[in-house]
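Work through the following exercises with the sequence and the structure side by side, and try each task before reading its solution.

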Amino acid sequence: MRGYLLVEEPGPWGPGAVPASRLGESTTARLREVAAARGVKPLLVRRPDAAGRDPDGPRRLFVADCRRGVTRLRTRLAPPQDLPAAAASEEGWEEVTGPLLLVCTHGRKDWCCAVRGRPVVTALAALDADAVWECSHLGGDRFAATVLSLPGGAVHGHLGPGDAPALLAAVRAGRVLPDRLRGRCGDAGVVQAAEGHARLLLGEDHLDAFTPLHAARLPEGPDGRVRWRVRFDAHGPLEVDLAEGRAPAHRLTCSAGTAQQARTWDLVELRR
């Protein structure tokens, strides 16, 4: 997955991870096809003040390329009935120079996202209303409130309203908050975990400080846990060894009906 296709939809969102809306199933299906052809994930977005917006008015589209070294964000307007064709076209787009912050508030997927996400939306919008959008499901409900910054693709979690000033300042400066970072979109979970451990240990907050090179499963350790080794280019070669495990069973999200065990990645060794 190389990035995102964002489609403005001010109205209610359905319960699915890529929900239908007032756009209708046919238009939504065509937008999913366009996103798949582009190699990106579709998301619905809306302004925090979306109530009262004209449902038949022009909608804003964004396409974001989040790949390291080629990050790019473009936007355009299109009537609702023309959204799939506009999303598929390479003409008519304008470059976006500033970052976008997308806050997951998709309460029909898991109500944690709405309850915890909307106060973060309010806090961020008070600082920079033009940069902030609510979005449909980002994944990782248990990390709510979750914010995706574009075009860099960094995902931060467990955020509260008090984190808004530091998050906005970091994103504007091309940096991250290491103690809130979940990882970069498109990276495997083990790579995200290895980068997170390395950032905390090394005190590195620059967005592009880590380039993943290789991830490999190793033989089990003395404790019987599977080991992983992730290699990075991080101002020179860097290797991070992790032990895979499971946390004690508990309800992972607000809407979870049963207890589950979340996967864990414990740091074993970091080597320059």
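**Exercise 1.** Find the aromatic pairs and classify the pair formed by F62 and W133.

*Solution.* The structure holds three aromatic pairs, where rings of Phe, Tyr and Trp (its six-membered ring) pair if their centres lie within 6.5 Å, and planes under 30 degrees apart count as stacked, over 60 as edge-to-face and the rest as tilted. For F62 and W133 the centres are 5.6 Å apart and the planes stand at 80°, so this pair is edge-to-face. Next, place the partners in the chain: F62 belongs to strand β3 (residues 59-65) and W133 to strand β7 (residues 132-135), 71 residues apart; strands are DSSP runs (E, at least two residues), numbered from the N terminus. Finally, F62 and W133 are both buried, meaning under 20% relative accessible area with a 1.4 Å probe, protein chains only.

This is a predicted model, in which local features need pLDDT of at least 70 and side-chain atom pairs count only at pLDDT 80 or more, while totals for chains, interfaces and linings use all residues. Residues are numbered from 1 along each chain as its sequence is written, and side-chain values use heavy atoms, leaving out hydrogens and water.

**Exercise 2.** Determine the strand order of the open sheet of four strands, and locate W228 and W265.

*Solution.* The order is β11-β12-β13-β14 with antiparallel pairing, two strands being paired if DSSP finds at least two bridges between them. The edge strands, each pairing on one side only, are β11 (211-218) and β14 (263-271). W228 lies in strand β12 and W265 in strand β14, 37 residues apart, and both are buried.

Note on methods: Buried < 20%, exposed > 50% of the residue type's maximum accessible area, 1.4 Å probe, protein only.
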